[in-house]
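Trainee: I have a new model open and would like to work through how its helices pack. Could we take it step by step?

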Amino acid sequence: MRTRLLLGLSLFSTGLLAGAFAYGAANLVPTFRSVPIDMRLDFHTELMKMNGITVQGAMAVSALGALALAALTRGRARVLAATAGLLTVASFLITRFGNVPINGRIKQWAATAPPAGHEEFLSRWELFNVARTCTAAAAFVLLISVALRRAGRGATEHP
């Protein structure tokens, strides 16, 4: 029962994380590119205020949930859950050391003006965004495979 609840929590939080990143990559980034730079910087700055709370929370629950699931399972399920947890940690590290420093610059530019060459930083932010989207999506796929393996064995067996 505990493993089922942990799997559900891990799937939910990792799905939210992957979905948030995918939505950003598919919708926000192209929108950012199509609006004037001052509008992009203002919106990006405001968006990061909320994302700082919600995305970090989803990353923490996802990583801890997947790693705890790995501790409670065995065999292939353990490897898959542990890998999912590590991929979520990778999403956190990419965000913390890639996106967040650039977000700080964007916040400064929104208060003043973007410097010459700011496009390079914005492109780098987008690359980090793609990387963390891929790691979060891969973690979600791995947890789905754990759930499908469990369902294939029947509800009474342990993964």
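Mentor: Happily, and keep in mind that this is a predicted model. Start with helix α1 (residues 2-34) and α2, whose axes come within 8 Å and cross at roughly 155 degrees.

Trainee: Are α1 and α2 roughly parallel or roughly antiparallel?

Mentor: The angle to judge is the crossing of roughly 155 degrees between α1 and α2. Angles over 145 degrees count as roughly antiparallel. Therefore α1 and α2 are roughly antiparallel.

Trainee: How do the residues of the contact of α1 with α2 divide by class?

Mentor: In this pair, α1 passes α2 in a left-handed crossing. The residues of their contact divide into 17 nonpolar, seven polar and two charged.

Trainee: Next along the chain, how are α2 and α3 oriented to each other?

Mentor: The axes of α2 and α3 come within 9 Å, and they cross at roughly 165 degrees. With the cut-off for this class at over 145 degrees, that makes the pair roughly antiparallel.

Trainee: And how many charged residues does the contact of α2 with α3 have?

Mentor: Here α2 passes α3 in a left-handed crossing. By class, their contact has 18 nonpolar and eight polar residues, and the charged ones number three.

Trainee: Is T73 buried or exposed?

Mentor: T73 sits in the loop between α2 (37-72) and α3. Its relative accessible area is 4%, and the cut-off for this class is under 20%. So T73 is buried.

Trainee: Which residue has its backbone oxygen 2.9 Å from a polar atom of the T73 side chain?

Mentor: Look for a backbone oxygen as the partner of the T73 side chain. At 2.9 Å from a polar atom of that side chain, the oxygen belongs to L69.

Trainee: What about the pair α3 and α4, how are they oriented?

Mentor: Helix α3 (residues 75-111) and helix α4 (residues 118-153) have axes that come within 8 Å and cross at roughly 160 degrees. α3 passes α4 in a left-handed crossing, and by class their contact has 21 nonpolar, eleven polar and five charged residues. From the angle it follows that α3 and α4 are therefore roughly antiparallel.

Trainee: Which residues does UniProt list for "transmembrane region", and how far apart are the end C-alpha atoms of residues 130-148?

Mentor: The unreviewed UniProt entry lists residues 53-72, 79-98 and 130-148. In the model, residues 79-98 are 100% helix, with end C-alpha atoms 27 Å apart. Residues 130-148 are also 100% helix, and their end C-alpha atoms lie apart by 27 Å.

Definitions and conventions: Residues numbered from 1 in each chain as written. Predicted model: local features only at pLDDT ≥ 70, side-chain atom pairs only at ≥ 80, totals over all residues. Heavy atoms only, no water. UniProt positions renumbered as here; feature names shortened; annotations may be inferred. Helix = DSSP H or I, 4+ residues; strand = E, 2+ residues; numbered from the N terminus. Axes fitted to C-alpha atoms, helices over the stretch in contact; angles between N-to-C directions. Parallel < 35°, antiparallel > 145°, perpendicular 65-115°, else oblique. Left-handed = near helix turned anticlockwise from the far one by under 90°. Nonpolar A, V, L, I, M, F, W, Y, C, P; charged D, E, K, R; others polar. Buried < 20%, exposed > 50% of the residue type's maximum accessible area, 1.4 Å probe, protein only. Polar contact = N/O pair within 3.5 Å; in protein donor to acceptor, adjacent residues only side chain to side chain.
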